[in-house]
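Me: I would like a close look at one part of this protein. Please keep it brisk and stay with what the model shows.

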Amino acid sequence: MAKLDPKIPAGPLQEKWVNHKFNMKLVNPANKRKYDIIIVGSGLAGASAAASLGELGYKVKVFTYNDSPRRAHSISAQGGINAAKNYQNDGDSIYRLFYDTIKGGDFRAREANVYRLAEVSNSIIDQCVAQGVPFAREYGGMLDNRSFGGAQVSRTFYARGQTGQQLLLGAYSSLMRQVHLGNVELFTRREMIDLVTIDGQAKGIVVRNMVDGAIEKYSAHAVVLATGGYANVFFLSTNAMNCNTTAIWRAHKKGAFFANPCFTQIHPTCLPIHGEGQSKLTLMSESLRNDGRIWVSKLKKDMREPNDIPEEERDYYLERKYPSFGNLSPRDISSRSAKEVVDEGRGAKGGDAVYLDFKDAINRLGKHVIEERYGNLFEIYETITGENPYNVPMKIYPAPHYTMGGLWVDYNLMSTIPGLFVLGEANFSDHGANRLGASALMQGLADGYFVAPYTIGDYLASAKPKKESLDHPAFDTVKKENEELIGKLLSIKGKQTVDDIHKKLGRIMWNKVGMGRNEKGLKEAIKEIADLRVEFWKDVNVVGTDKDINQCLERAGRLIDYLELGELMARDALERNESCGGHFREEYQTPEGEALRNDEEYAFVSAWEYKNLGSWELNKEPLIYENVQLATRSYK
Ligand SMILES: Cc1cc2nc3c(=O)[nH]c(=O)nc-3n(C[C@H](O)[C@H](O)[C@H](O)COP(=O)(O)OP(=O)(O)OC[C@H]3O[C@@H](n4cnc5c(N)ncnc54)[C@H](O)[C@@H]3O)c2cc1C
């Protein structure tokens, strides 16, 4: 079993990051321009890292498959970003944000990382305000806050329902400033398809030019992956259609351990599935639960219109079960509760949905206030469903949304491959088994603006890595392997489309590795996914050529990786004989149906080491809690 060193600095929790920043080595300003850094991804994590490293003077190359950094999936984030400013004077503090995040993650995250996240959260808001991000303000001019799940304070900063977009425009402006200064070079429409390692160190990447199909190679002193999450393994998710796991998965196969792959978040407030042909699910931001009340009928198969169901026949089940947190209970708990009432046959009009109702809030605050707070979300809802949520309760249901798992990183955000750093949703750190709302944007920007610029500098100054020439045979070997892989895909000429097979994978994942998991289902899933992989390589039909734009080929390449990752997710879920956060093993629950953790045996991070196709070794990083007491999570 390989030894994992999380490199957590010594000393009291509150002083770890401060001391570590002082103890880390610095690169002399004049030497910074001698270092090349590759960053894959231009979402909030990648763009903020690139802008900061460029500003410091490093030579940065940024790669994205989008046609502009502004199109990264981060743009879709709606609800907000957390920070411990305590502007509301409602009892918030860095320690409380730290504690809520650790507890929200069901005590499966590293204390030191989470504390640092809470500590830098306030700097993020200052940085973004300085960039001109138009956060909502109160009448007095102070930044406004709203509440998100798993917290009893209001600490979420927001820009209407477009927080991700506004934050990304801020990061993008800083990034483009560096592009114009010549410190950052931007490579759009490039998909990273492999990592190049030499003597076990990350030395570069191989990408496919998505416009002319050329396979290109790039070399650097360090490589950063900020490539987002893998919820599209479920086929239907709230993620942008192009989000994929390829960059981190291929790095995993080159030696980067994959941590907690089964920790996925099923978001409670999404639009329900409405048909077989659907290829995307839409999120209705959690912010709506500030004012919306969630309910179902007390009766089974109640086919009445929601407005015809009288108050006394409604079950506001979250308020009933979790009176302290009510509609703002964390996502894992809210999603499971929705599934429970739907499984009982009490879903909206007997279907797979529950109601999210604004009647009381409109009566209390007036329609104009609700419109001001959530106008664009209500418009999205009406455009998609044809129903006006000001008059009729929304129908919502849980959907795959976020992945807490990702590449294992130490405290410096470096993976098990020296020189390979992983930021944002692509790494596993900080959220444990369940992420609290509005904490992903916080983590992506913390990693990019405030952590990686220090730790990458320390790596360069301490390890003094050499940049390899593109003529090194390792680059050509990786390039050739990928050209052969693409040739193989195009030659199969089977009968099923890429989406046909992806949908089959999605069904297995949703039914057996989704909101509820059990030993029998997981064993079946492992076998079914392995069989589906064989089916893919025999029967997929990838049309077009490799010499120009070919979305079919792009999707096929991504599906290869999902067909391997899906199996690892099921294996990880099978191995973890406990329930925690988003990982609910049906065999391990309290008499009230709550998640039953097993801290004695499972207070560790699972870090999987790739061996061969379908074969991994499990490494464990023990989670040591010195500041918080492991407790049963209660939101009652
Ligand atoms: C609908 C929705 C709403 C959300 N709302 C919120 C919210 O209100 N608050 C909150 O905190 N979180 C929210 N989240 C979560 C949050 O948006 C994401 O976790 C976060 O934006 C991820 O940022 P990132 O920089 O890590 O990755 P992304 O924004 O996904 O960026 C990934 C980047 O990597 C690039 N990339 C990926 N793979 C490759 C490759 N192989 N080659 C080249 N480039 C590649 C992409 O082009 C892109 O530039 C929401 C998520 C969704 C789906």
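The part in question is strand 1, together with what surrounds it: which strands pair with strand 1, and what do the buried residues of helix 3 pack against?

Reply: What follows starts at the strand and works outward. The model is predicted.

Strand 1 covers residues 36-40. Four of its five residues are buried, so the strand is mostly covered by the cut-off of 20 or more other C-beta atoms within 10 Å.

Strand 1 has a parallel partner in strand 2, residues 59-63, with five bridges between them. In this pairing, isoleucine 38 faces lysine 61 of strand 2. Strand 9, residues 222-225, is also a parallel partner of strand 1, here over four bridges. Valine 40 stands opposite leucine 225 of strand 9.

Next comes the connection. Strand 1 leads into a β-α-β unit with helix 3 (residues 44-56) and strand 2, and the unit is right-handed. Helix 3 counts 13 residues. Its first and last C-alpha atoms are 18 Å apart, close to the 18 Å expected at 1.5 Å a residue.

Helix 3 is mostly covered too: 11 of its 13 residues are buried. The buried residues run as Leu44, Ala45, Gly46, Ala47, Ser48, Ala49, Ala50, Ala51, Ser52, Leu53 and Gly54. They pack against strand 1, strand 2 and strand 9. They also pack against strand 5, helix 6 (163-181) and helix 12. Just after helix 3, glycine 57 has a positive phi of about 115°.

Now the core. In soluble globular proteins, nonpolar side chains tend to be buried together. The largest nonpolar core here has 177 residues. Ile37, Val224, Leu225, Val354, Leu407 and Leu420 touch the most other members. Helix 12, residues 440-463, gives the largest share of this core, with 12 residues. At least three residues come from each of domain 1 (268-399) and domain 2 (473-599).

Leucine 407 is worth a closer look. Leaving out residues up to four places away in sequence, leucine 407 touches Ile248, Ala251, His252, Ala256, Phe258 and Ala259, among others. Its contacts also include Ser415, Val422, Ala426, Asn427 and Phe428.

The two domains come next. The C-alpha centres of domain 1 and domain 2 are 31 Å apart. Six residues of domain 1 are in contact with five residues of domain 2. On the domain 1 side, helix 9 (residues 331-343) supplies the largest share, five residues.

Helix 15, residues 519-539, offers a second helix to inspect. It has 21 residues and reaches 30 Å from first C-alpha to last, close to the 30 Å expected at 1.5 Å a residue. Its buried residues include Gly521, Leu522, Ala525, Ile526, Glu528, Ile529, Arg533 and Phe536. An α-helix has 3.6 residues a turn, so residues three or four places apart point the same way. Helix 14 (498-512) and helix 16 (551-575) are among the elements covering the buried residues of helix 15.

Last, two backbone angles. Most residues other than glycine have a negative phi. Arginine 189 has a positive phi of about 50° although it is not a glycine. Arginine 189 sits in the loop between strand 5 (184-187) and strand 6 (190-198). It is partly exposed, with 17 other C-beta atoms within 10 Å. Asparagine 89 also has a positive phi, about 55°, and is not a glycine. Asparagine 89 lies in the loop between strand 3 (81-82) and helix 4 (94-104). Asparagine 89 is exposed, with 7 other C-beta atoms within 10 Å.

Conventions: Residues numbered from 1 in each chain as written. Predicted model: local features only at pLDDT ≥ 70, side-chain atom pairs only at ≥ 80, totals over all residues. Helix = DSSP H or I, 4+ residues; strand = E, 2+ residues; numbered from the N terminus. Expected span 1.5 Å × (residues − 1). Buried ≥ 20, exposed ≤ 12 C-beta atoms within 10 Å, placed from the backbone. Contact = placed C-beta atoms within 7 Å. Core = buried A, V, L, I, M, F, W, Y, C linked by C-beta atoms within 7 Å. Domains from an automatic or database assignment. Pairing = 2+ DSSP bridges. Right-handed = clockwise from strand over helix to strand, strands pointing away.
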